[in-house]
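Grab a pencil and get ready to find your way around a protein chain. Each exercise comes with a worked solution, so try the task before reading on.

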Amino acid sequence: MPATTSPLRFGIAGCGAIGPTHARAILELGHCVVALADPVESRARKLLDEIGSDARIHRDHAALASDDNVDVVAVCTPSGMHADHAVAALLAGKHVIVEKPMDVTIEACDRLIAAADRAGRHCGVISQHRFDAATVLARQLIDQGRIGRILLITGDVKWYRTQAYYDEGEWRGTWKLDGGGALMNQGIHTLDLLHWLGGGVASVHARASIAAAHERIEVEDSIVLSLSFRNGAIGSLVASTAAYDGFPVRIEVYGTEGSILLEGDNLKRVALRSGETFQTHEAAEHAISVARGGTASAGRRTDPSTIAPVGAKWGDAHRAQIADFVAAIRENRPPMIDARAGRDPVAIVAAAYASARSRSDCTVAP
């Protein structure tokens, strides 16, 4: 391992859809991409060309895990492979950051957690929207009691995915490797935010439509969840890949003293009984200024680089989360979203699918 001030050397497992986002974020932070792994060599070479790197290419993910030049492995492979690839890297002495979802079953998540504990290495799970400035401010306001006791929290992920989207990757739309559909793949980010902002989901009642608008997929393309939270609040989540032609994600939080509206990663409005309000860029700027002041209300937010900037573009929130992960390695403390936190949304998804099958309430597994 290099000195704490030296750039970290990353390997990227999986060079398809999300791998390039990780690579760009790593390089923008001043670290190095020294190795890539993908069973399709042309994908790895394409990424190599995009980032202008001379990184080593491995056809085998096990070879990447054992590469002595690598300090950290970013796991960007299909969801149902995450635990296998992350465990191999951890047991080879690497730190690991895993794309969402952590894996597609609770059992696989637990296996990954055990490996991280055994190896004594850091393991983080991507949930980059916790690092959006608007979300940070929402959490600050909730933690400070500014909106009072949470009564209701809702989320909408009404997106559209063409049939070609599912056809272009054999793993997409399968239970084995995608782990589910509109909820596990697309809705899990918003579900994680509802869980994080709302005080923890305790139980779920769900209804799902399997392949209602698509062919050749095994999973749901629309699902509705009724949520019960540990603190007594109630809520809902609608997730779909059949909502033509797609709409921005929307989260609403209602408390006894005010309400918060998030839309498309921006804070659209905060209305407080005290008369104070925030809107859009003003909210993001406030969140960053509070972070500079060193608040702990939403976690370790003393470094503004761990908050996506005002007017963030795709990849900025990934960069903010990876910045926190690097800081965790250097400071020898848990990242803001460690393996145990990454397990939570998978457990909620599992409860939702069990509920949809049984048509009954299901408790989220601890």
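What follows is a set of exercises on this structure, which is a predicted model.

**Exercise 1. Follow the strand pairing**

Task: Work out in which sense β10 pairs with β7, and in which sense with β9.

Solution, step by step:
- Start by finding the strands: β7 covers residues 150–158, β9 covers residues 220–229, and β10 covers residues 234–240.
- Now take β7 and β10. They pair in the parallel sense, over 7 bridges. To see one partnership, look at D156, whose bridge partner in β10 is V238.
- Next, take β9 and β10. Here the pairing is antiparallel, over 7 bridges. Check it by eye at S222, which stands opposite S240 in β10.
- Last, look at what joins β9 to β10. The two strands form a hairpin with 4 residues between them, and G232 in that turn has a positive phi of about 95 degrees.

**Exercise 2. Sort residues by exposure**

Task: Decide whether L151, R24, E28 and E41 are buried, partly exposed or exposed.

Solution, step by step:
- You need the cut-offs here: buried is under 20% relative accessible area, exposed is over 50%, and partly exposed is in between.
- L151 sits in strand β7. Its relative accessibility is 38%, so it counts as partly exposed.
- R24 belongs to helix α1, residues 19–28. With a relative accessible area of 40%, R24 is partly exposed.
- E28 is at 49%, so it counts as partly exposed too.
- E41 comes in at 31%, so it is partly exposed.
- One extra for L151: together with L152, I234 and Y254, it makes a nonpolar surface patch of about 320 Å².

**Exercise 3. Track down salt bridges**

Task: There are 23 salt bridges in this model. Find out which parts of the chain are linked by E28 with R319, and by R59 with E41.

Solution, step by step:
- Begin with E28 and R319. Their side chains meet in a salt bridge, 2.7 Å from N to O. E28 is in helix α1 and R319 is in helix α10 (residues 316–331), so the pair links distant parts of the chain, 291 residues apart.
- Move on to R59 and E41, whose closest N and O atoms are 3.6 Å apart in their salt bridge. R59 is in the loop between β3 and α3, while E41 is in helix α2 (residues 41–51), and the two are 18 residues apart.
- Now try E215 and R216. In this salt bridge the closest N and O atoms are 3.1 Å apart, and both residues are exposed.
- Finally, look for shared partners. Salt bridges that share partners join E28, K313, D316 and R319 into one network.

**Exercise 4. Inspect helix α5**

Task: Compare the span of α5 with the expected one, then say which of its residues are buried and what covers them.

Solution, step by step:
- Helix α5 runs over residues 106–119, which makes 14 residues. From its first C-alpha to its last it reaches 20 Å, close to the 20 Å expected at 1.5 Å a residue.
- The buried residues in α5 include I106, A108, C109 and L112, as well as I113, A115 and A116.
- Their cover includes α4, β5, β6 and α11.
- Step just past the end of α5 and you meet G120, which takes a positive phi of about 70 degrees.

How values were computed
Residues are numbered from 1 along each chain as its sequence is written. This is a predicted model: local features need pLDDT of at least 70, side-chain atom pairs count only at pLDDT 80 or more; totals for chains, interfaces and linings use all residues. Side-chain values use heavy atoms; hydrogens and water are left out. Patches are made of residues with over 30% relative accessible area and no salt bridge: like charges are joined within 9 Å, nonpolar side chains (Val, Leu, Ile, Met, Phe, Trp, Tyr) within 5 Å. Accessible areas come from the Shrake-Rupley method with a 1.4 Å probe; for residues, only the protein chains shown count as cover. A salt bridge is a side-chain nitrogen of Lys or Arg within 4 Å of a carboxyl oxygen of Asp or Glu. Buried means under 20% relative accessible area, exposed over 50%, partly exposed in between (1.4 Å probe, protein chains only). Two strands pair if DSSP finds at least two bridges between them. The expected span of a helix is 1.5 Å times one less than its number of residues. Contact means heavy atoms within 4.5 Å.
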